[in-house]
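Here's a walk through one protein model, written for someone who'd rather be at the bench. Have a look at the structure first, then read on.

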Amino acid sequence: GELSSSVVHEMRNPLSSIKMNLQALRRKTQGDPDYEELAEIAAAQAQRVETMLDDLLQYGRPVELNPQPTSFRELTEPALAVVADKAREKNVRVELKDELGNARLSVDREQMCRAMTNLLANAIQAVAPGQTVYVIGTRRNDAGPAHAQLEVRDTGPGLSPEALDRAFKPFFTSKPNGTGLGLANVKKIIELHRGAVSASNRPEGGAAITLLIPLEGNV
């Protein structure tokens, strides 16, 4: 964590300089299709590096949880608000199914919102326009103490065997511009809550990410 933080800190200043200079070059290349495209590619890759550094900092940083009693809707609705524009732009519907009712989870709301936002953004990206992403909260009593099962389902192409095996490993990604740290950060957050996370392909098509988190009183 200390190494990651120091590396990120040292790289931010030169990266900021690169981005500012690229902005100036982009203005100069306007009207020249070839160089304008090269400038756009360079700016996009600089943004990708910045996103990777932010994800790396989040992954390496020690996290102190501030747990609060939270309902399923209190947990998911802030994340839905974050991805609302992305869903609207792609014409994707996000449907919430709350089978937990008044059951309470003891979670750090900010950290869990970050995890849920990541899962929802991935699901929205995976589906075709006009399709639906489902967020389902149910109660599990089949494995000892009661847990909340939070599931994000999509109707996309599903996950490859390699992705199923390595989805939560740092720096693994199947996306052209992915950092490979999004799901690794989700795993870290859930395990800090003494929970578990898994990925699967649904028989009817699409993928599902399932979170198991102890209900309040079972942490």
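What follows goes from the whole chain to the sheet, its helices and a few single residues.

## Before you start

This is a predicted model, so to speak of local features a pLDDT of at least 70 is needed, side-chain atom pairs count only at pLDDT 80 or more, and totals for chains, interfaces and linings use all residues. Residues are numbered from 1 along each chain as its sequence is written, and side-chain values use heavy atoms, with hydrogens and water left out.

## The chain as a whole

The protein chain has six helices and seven strands. These are DSSP runs numbered from the N terminus, with helices being H or I of at least four residues and strands being E of at least two. Going along the sequence, the pattern reads α-α-β-α-β-β-α-β-β-α-α-β-β. The C-alpha trace spans about 60 × 45 × 30 Å along its principal axes.

Of the 219 residues, 40% are buried; buried means under 20% relative accessible area, exposed means over 50%, and partly exposed is in between (1.4 Å probe, protein chains only). Contact here means heavy atoms within 4.5 Å. Among the contacts with a separation of 6 or more, 74% are between residues 24 or more positions apart.

On the outside, the chain exposes about 12,300 Å², and carbon and sulfur atoms supply 50% of that. Those areas come from the Shrake-Rupley method with a 1.4 Å probe, and for residues only the protein chains shown count as cover. As for charge, there are 26 positive and 28 negative side chains, and the centres of the two sets lie 2 Å apart. Lys and Arg count as positive, Asp and Glu as negative, while His and the chain ends are not counted. Each charge is placed at NZ of Lys, CZ of Arg, CG of Asp or CD of Glu.

## The sheet

Five strands form an open sheet in the order 2-4-5-7-6, with mixed pairing. Strand 2 and strand 6 stand at the edges with a single partner strand each, so one side of each has no neighbour in the sheet. On average, neighbouring strands are turned by 15 degrees against each other, direction ignored. Two strands count as paired if DSSP finds at least two bridges between them.

Strand 2 (residues 93–98) runs parallel to strand 4 (residues 132–140), and six bridges join them. In this pair, Val94 sits opposite Val133 of strand 4. Strand 4 also pairs with strand 5 (residues 147–153), this time antiparallel and over seven bridges. Here Thr138 faces Gln149 of strand 5, and Tyr134 stands opposite Arg153.

## Helices on the sheet

Helix 3 (residues 72–90) packs on the sheet and touches strand 2, strand 4 and strand 5; its direction makes about 175 degrees with that of strand 2. Helix 6 (residues 182–192) packs on the sheet too, touching strand 6 and strand 7, and its direction makes about 25 degrees with that of strand 7. For these angles, axes are lines fitted to C-alpha atoms (for helices, over the stretch in contact), and angles run from 0 to 180 degrees between N-to-C directions.

Which residue of helix 3 is worth a click? Try Thr76, which is found in helix 3. Thr76 has a relative accessible area of 1%, so it counts as buried. Leaving out residues up to four places away in sequence, Thr76 touches Leu96, Met116 and Val135.

Helix 6 is mostly covered, with eight of its 11 residues buried. Leu183, Val186, Ile189 and Ile190 are among them. The cover includes helix 2 (33–60), helix 4 (109–126), strand 6 and strand 7. Just after helix 6 comes Arg194, with a positive phi near 60 degrees.

## The hairpin and Gly206

Strand 6 and strand 7 pair antiparallel over six bridges, and Ser200 stands opposite Ala208 in strand 7. Five residues lie between the strands of this hairpin, where Gly205 takes a positive phi near 110 degrees.

Is Gly206 buried or exposed? At 5% relative accessibility, Gly206 counts as buried, although it is found in the loop between strand 6 (196–201) and strand 7 (207–214). Not counting residues up to four places away in sequence, Gly206 touches Asp154, Thr155, Gly156, Gly158, Ser200 and Asn201. The C-alpha atoms of Gly206 and Arg153 are 7.2 Å apart, with the two positions 53 residues apart along the chain.
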